[in-house]
Amino acid sequence: MSERIYINNDWKFTKSYSDELADPGFNESGMEDVRLPHTVAETPFDYFDESIYQMVSGYRRHFAVPTEWQDKCVKLTFEGVAHESRVFVNGKQVISHNCGYTAFSADITEYINYGSDNVIAVRVDSNESLDQPPFGFVIDYMTYGGIYRDVYFEISDRTYIGDVFLSSEINGGSAVLRTELGIKNEGGKKIKIRQFLDGAEVLTVQKEENVLETKVEKVILWDVEDPKLYEVRTELCDEASGYVLDSKTVRFGFRTSEFRKDGYYLNGRKLKIRGLNRHQSYPYVGYAMPASMQRLDADILKNELGLNAVRTSHYPQSHHFIDRCDEIGLLVFTEIPGWQHIGGAEWKDIAVENTKDMVKQYRNHPSVILWGVRINESKDDDEFYERTNLEAHKLDPTRPTGGVRAHKKSSLLEDVYTYNDFVHDGKSRGCEPKKAVTSDVDKPYLISEYNGHMYSTKAYDCEDHRKEHAIRHANVLSAVMGEEDIAGSFGWCMADYNTHKDFGSGDRICYHGVLDMFRNPKQAAYVYSCFGKKTVLELSSTMDIGEHPACNRGDTFIYSNADSVRMYKNDRFIKEYTKKDSPYEKLPFGPILIDDFIGDAIYEGEAHRPEWVRKALTESMNATARFGLGNLPKKILLNGAKLLTIGHMKADELVSMYNNYVGDWGGKSTVYKFEAIKDGKVVLTKTYAPTKGVHILAEADHTDLVEKETYDVCEVRIRIVDDFGNPVFFFHEPLSFEAEGPVKIIGEKTIGAKGGMAGVYLKTTGSAGKAVLTVRNAQCDDVKLEFTVTV
């Protein structure tokens, strides 16, 4: 029976590798104690150079081998090491690997000393000058370095299952489960195979077989709404005794997934793909985050942003992340490492190996629906891409291939034409029609990126800029929904990320996300959240007119997925808005333009005036509130002329009425209230009024921290809010963090809020107990969060 043993703790690290480090007797006194995942260099939040993590570093770990392992097979697996690695066991090199984004394993059975001390040494080259993907030219993301994913032993009998690949064929309510096995049988034992589905035996084969087929009745399909997962356990047994020599358990989802020329179909149902691109990086530690943070990102994408898909740009990502996508029903488009550049022959050979590794390592995930087998945004290279397509199809004939390109009418060797459509500039159409992008109109078409660099947006940009960012996302989503033959789209991108000097805003951050780097929402996030199940009620404005040029509000939008939203001003009902009031007919809940700030106030307050005068006054004053006197539509100007001539009103009289019915200055503070209505009931209320102070709102993603295979990390997302719970976007004052108990703070202990938002990560230290995080700011009351740590 095989056993997996994680060895993420008790490592030694040095930033300066030497050949002597591989020697078992190397003096480790100058090395640092570390745990995995690990980054070779913690970075500042911003304004740092990529040279900080470029080095050839070294890791060492001692381990004892019990004598019971002597007749076993011992494999050592690294899930991810950035970027070129060489692994030594007891001074002898056992494997090398030239990819920072795929796993690799070595059979170390013949290299270990039984019953005594053993040493693993790893040489890690994280220089960006390496001749391997994604390196060779500029890259729009930091690549970091270190052993940043799990490391483990797998102990098995000498006869074992090396690989399992599951696929299925659905036929009505039943399915045929197909299992391809890679069996290693060094001793030529006579074996039989047993297979179990959710614990119930479904198949016994009395001899060694590499392909099994099992009929499953009344199967429940895996879907984005109901992601049913089955446990498929395959056992390799001694034929005579029945002793289980090895066992492999795979979580599997029965489903059909098909890209057709008119869109994407999941289980025969047409589904518009709605996703964002995700980088796997975090503040301070780059790629080095454990399972809890990987899983949290998937939850944010699905549950907070209302998405049904994610693209793992521009490389395969953690199995912890993909596992969570399997669990919650989030479709995945994953791709080989690279960014625009194609290298020479050896570089291409590595890319082909990356393709093979990606497919073999991720093909049992039901969430994965598409293999990206082109270097992102690279030029056509038919000879090269014929090889990557061939390997992907050979290793997984059940899934199509795609390849992200940034140019139209490209050579299409893949099954799906995937294209980065950046046509939308705020005024032009939201997306290009399929026929304008590809000549292969009978092939499926998918938009793999949009927006992003077209309108970089910081959380602390002016209100109009943040609103425009959100509206651009709505424009593209609506346009894609209106194109029947586009399978869907992936926006760029989920969260802001650190990048190289050639990109970003000069501070080494690309502000392309709908979230900031701490995963706090920008305004654009609300456009996506309206697709989710949680009630959303947000505004594009804080209703402070001084934020706008000449105090003209411009367009103010409501973001909500409620049945309706009621608007009040100083407790006077103004208007009830429904989704029918949204100009985005193709979106189920598009942004709704607020076009009334007066309601019936003029009709009631000016009852002595003719009806046409009251109507003209209401229209004119609402328009003036939005556009100002200098930008009024022609109809409103005509209204004004009629009021002055036919209505015999004076200009100062109109100004006085505007101040009375619309103006938000002088006298009593103006209070706006919005109520989200579902099934006739108020389910959420937002109030906007002048605040007397600010407050810290700190929310931890989980407070029960548990060490399993390694340390745990929780994220505390922080917002500075007014008296009514609304973010204050221009608060940039310092926040300080103090941790007590068996946890430590990752990164700086004092940071500046950005756009009224911030975050902090807490990391367990190997001990159990109670922990407390205190968040402080001079203007706010302290906030304390309590945690429990279990080891």
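**Sheets, helix pairs and enclosed spaces in a predicted model**

Four strands build an open sheet in the order E1-E12-E5-E9, and their pairing is antiparallel. At the edges stand strand E1 (3-6) and strand E9 (104-107), each of which pairs on one side only. On average, neighbouring strands of this sheet are turned by 25 degrees against each other, direction ignored. The model described here is a predicted one, and the values that follow are computed from it.

Within this sheet, strand E5 (residues 72-78) and strand E12 (residues 151-157) are joined in the antiparallel sense over seven bridges. A handy point of entry to this pair is Lys72, which stands opposite Asp157 in E12.

A second open sheet consists of three strands in the order E13-E14-E17, again with antiparallel pairing. Here the edge positions are taken by strand E13 (159-171) and strand E17 (211-216), each pairing on one side only. The twist from one strand to the next averages 20 degrees. E13 and strand E14 (residues 174-185) run antiparallel and are joined by 12 bridges. To find the register of this pair, the reader may look at Ser167, whose bridge partner in E14 is Arg178. In a regular strand, side chains alternate between the two faces of the sheet.

A hairpin also deserves a look. Strand E15 (residues 191-197) pairs with strand E16 (residues 200-205) in the antiparallel sense, over five bridges. Leu197 stands opposite Ala200 in E16. Two residues lie between the strands of this hairpin, and Asp198 takes a positive phi near 50 degrees there.

Some further backbone details are found in loops. Tyr144 is not a glycine, yet it has a positive phi of about 55 degrees; this residue is in the loop between strand E10 (117-125) and strand E11 (146-147). The peptide bond from Ala82 to His83 is cis, with omega near 10 degrees, and His83 is found in the loop between strand E6 (81-82) and strand E7 (84-89). Another cis peptide bond leads from Ser313 to His314, with omega near -10 degrees. His314 belongs to the loop between strand E24 (309-312) and H2.

That loop leads on to the helices. Two packed helices are described by the angle between their axes and the distance between the axes. H1 and helix H2 (residues 319-328) pack at an angle of about 40 degrees, and their axes are 8 Å apart. Angles under 35 degrees would count as roughly parallel, so H1 and H2 are oblique to each other. In this pair, H1 passes H2 in a right-handed crossing.

Helix H9 (residues 611-627) and helix H10 (residues 634-645) make another pair: their axes come within 9 Å and cross at roughly 135 degrees. Since only angles over 145 degrees count as roughly antiparallel, H9 and H10 are therefore oblique to each other. The crossing in which H9 passes H10 is left-handed.

Turning to the spaces in the model, the second largest pocket has a volume of about 780 Å³. Its lining comprises 31 residues, and those nearest its centre are Glu304, Pro521, Lys534, Glu538 and Arg719. Two or more lining residues each come from helix H1 (291-304), helix H7 (523-529), strand E33 (537-539), strand E39 (681-688), strand E40 (695-700) and strand E42 (713-721). E42 provides the largest share of this lining, with four residues. By residue class, the lining of the second largest pocket divides into 13 nonpolar, seven polar and 11 charged residues.

Enclosed cavities are present too, and six of them have 30 Å³ or more. The largest cavity has a volume of about 160 Å³. Of the 16 residues that line the largest cavity, Tyr526, Glu538, Leu539, Pro727 and Phe729 are the closest to its centre. Helix H6 (463-481), H7, E33 and E39 are the elements that give two or more residues to this lining. The lining of the largest cavity divides into six nonpolar, five polar and five charged residues. Glu538 thus appears in both descriptions: it is among the residues nearest the centre of the second largest pocket and among those closest to the centre of the largest cavity.

Note on methods:
Residues numbered from 1 in each chain as written. Predicted model: local features only at pLDDT ≥ 70, side-chain atom pairs only at ≥ 80, totals over all residues. Heavy atoms only, no water. Pairing = 2+ DSSP bridges. Axes fitted to C-alpha atoms, helices over the stretch in contact; angles between N-to-C directions. 1 Å grid on protein atoms, 1.4 Å probe; cavity = no way out; pocket = protein on both sides within 12 Å on 5 of 7 lines; lining within 4 Å. Points joined across faces, edges and corners; volume = space filled by probe spheres on them. Nonpolar A, V, L, I, M, F, W, Y, C, P; charged D, E, K, R; others polar. Parallel < 35°, antiparallel > 145°, perpendicular 65-115°, else oblique. Left-handed = near helix turned anticlockwise from the far one by under 90°.
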